[in-house]
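Biologist: Could you take me through the interior of this protein, with a close look at what lines its largest cavity? I would love one connected account.

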Amino acid sequence: MEKARAFSARGITSPIARLGIVALGASPAPLDNAVNVALPAITRHFGLALADVQWLVVCYVLVFGSLMLVCGKIGDLVGHRLIFRTGLVVTALGCAACAIAPDWSLFLLARTVQGIGAALALSCTPALATAVYPPEQRVKALAAYAMAMAVAGALGPFLGGVLVAAWDWQAVYWVRVPIALLALGLSGALPSTQHTQSRHFDFSGAILLAASMGMLLLALVLSQRPGVSPWTALGLLAVALALLHRYVMRSVSSAEPIIRPELFADAAFTIPNVMNALVNLAGFAILLLTPYYLMNIVQLSAVISGLLLALAYGGMLAGAPLAARLVPWIGRRPTVFAGILIAALGLLPLGLTGAAASVPMVAFLLVLQGLGQGLVNVAYTDLVTGTLPERDRGVAGSLALLTRTVGIVGGAAILTTLHAHGAAAGGDFLAGYRFAFLGAGGGLLIALTLSCLWWRAWFGRSAGGL
């Protein structure tokens, strides 16, 4: 077995081939959006109320998001390849357990296991992606990785529809088992981190940070659920902030904190993190509301609607290599700035559409938003990766994924609220749709304008660096 693994490692030496292995191992996570297509079948199979099936997504996101930074830190300490491999094993087990779960409670437990696997594997994929290329080609590696994730995200709903039609909902989980195992079998070709000194793992800090992130995400999730008191969500948010404060106080005296809070004292670092969360929050309006608009208002078929939605991922696919060219030319922050502006200009006009909207124009706006998102994904991840020391490369990649997750979960809460208010005022879905998109695009432009007031944070001090 070891000889075969060594032969495999010797045989796969091309950086692009190694990056393909990383992308293959990361793909079960973006392919999870295939589950959205399977939700009606899962609801019927377990005899669930519509409100209950939401926990299928909630428990996965809570575990995945809360453990992300901690898993990235563990990867920095014991090796990114080891944690990546462990995540692939746990992912395969979690997906298989979901497919064979005999009842709803065990299914949710399996989804939790799947979330742990995703946190372990994904937390180290940006670090591994940059490790297979020379340091001067880091942004190129991140762009190629982002393109692979965009392809997987675009394929998810289409693949889910095919699998559910052919073999029922269990297939959307079974299909990811061989993907994870194949990536595991090929992972011997990936570079292994060499440790020159022992480093301490802050267990107490990890628990505090994971708990605070979990409470924050749970507060965002519950804030959109009908029948849940706003005070419940506010109480959870208060607990999250208290735990985070305790983590910050503890980290001052820790020799090896999970992530150093003083990084966020610098607006030049904090603003891009906040803006990445906001651009993902605003962009989630497309996945949350546009399917209903295309099928119920514009009266398009499910197939055509799915193809139109895939155009946003196509825009991301184009934005990633463009970012790889722009970052060396104009810098990371200007590229992030441009991406946010383009994404906002794609979202805002969608708030002016109606039943007679031009389908080619809607398609253009979806591509435009995806293009901006692709620019942000690559330039922001490169900024964070370049700011943290190389030995914290796992934490850097995890932070980029965490801000994206917080943005998406926050988007589900805020955009749902905006749509409800707009629909109540205008009397129909379309009024709510317009209000939500005007809020998403307009809010993103306002946030971008405010952030630019800190001119030195964006451009002044680091025009040639960050």
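Modeller: Gladly; here is a walk through the cavity and then the nonpolar cores. Please keep in mind that this is a predicted model.

The structure contains 1 cavity of 30 Å³ or more, and the volume of the largest cavity is about 60 Å³. Its lining is made up of Gly25, Ala26, Pro28, Ala29, Tyr60, Thr91, Gln114, Ala118, Ala121, Leu122 and Arg176. Sorted by class, that lining has 7 nonpolar, 3 polar and 1 charged residues. Two elements, helix 2 (15-26) and helix 7 (104-131), give two or more residues to the lining. The largest share comes from helix 7, with 4 residues.

Now to the packing. The largest nonpolar core has 69 residues, and helix 13 (residues 267-297) supplies the largest share of this core, 11 residues. Within the core, the residues with the most contacts are Leu69, Tyr293, Ile340, Val378, Phe437 and Leu444. Ile340 makes a good place to zoom in. Once its neighbours within four places in sequence are set aside, Ile340 is in contact with Met275, Val279, Val376, Leu444 and Leu448. Leu444 thus turns up twice, as a contact of Ile340 and among the residues with the most contacts inside the core.

Apart from the largest core lies another, of 63 residues, which includes Ala96, Ala141, Val172 and Ala219.

Conventions. Residues are numbered from 1 along each chain as its sequence is written. This is a predicted model: local features need pLDDT of at least 70, side-chain atom pairs count only at pLDDT 80 or more; totals for chains, interfaces and linings use all residues. Side-chain values use heavy atoms; hydrogens and water are left out. A nonpolar core is a set of buried Ala, Val, Leu, Ile, Met, Phe, Trp, Tyr and Cys residues joined through side-chain atoms within 4.5 Å. Buried means under 20% relative accessible area, exposed over 50%, partly exposed in between (1.4 Å probe, protein chains only). Contact means heavy atoms within 4.5 Å. On a 1 Å grid over the protein atoms alone, a cavity is a set of points where a 1.4 Å probe fits but cannot get out, and a pocket is an open set with protein on both sides within 12 Å along at least five of seven lines; lining residues have an atom within 4 Å of a point. Grid points are joined across faces, edges and corners, and a volume is the space filled by probe spheres set on the points. Ala, Val, Leu, Ile, Met, Phe, Trp, Tyr, Cys and Pro count as nonpolar, Asp, Glu, Lys and Arg as charged, and the others, Gly among them, as polar.
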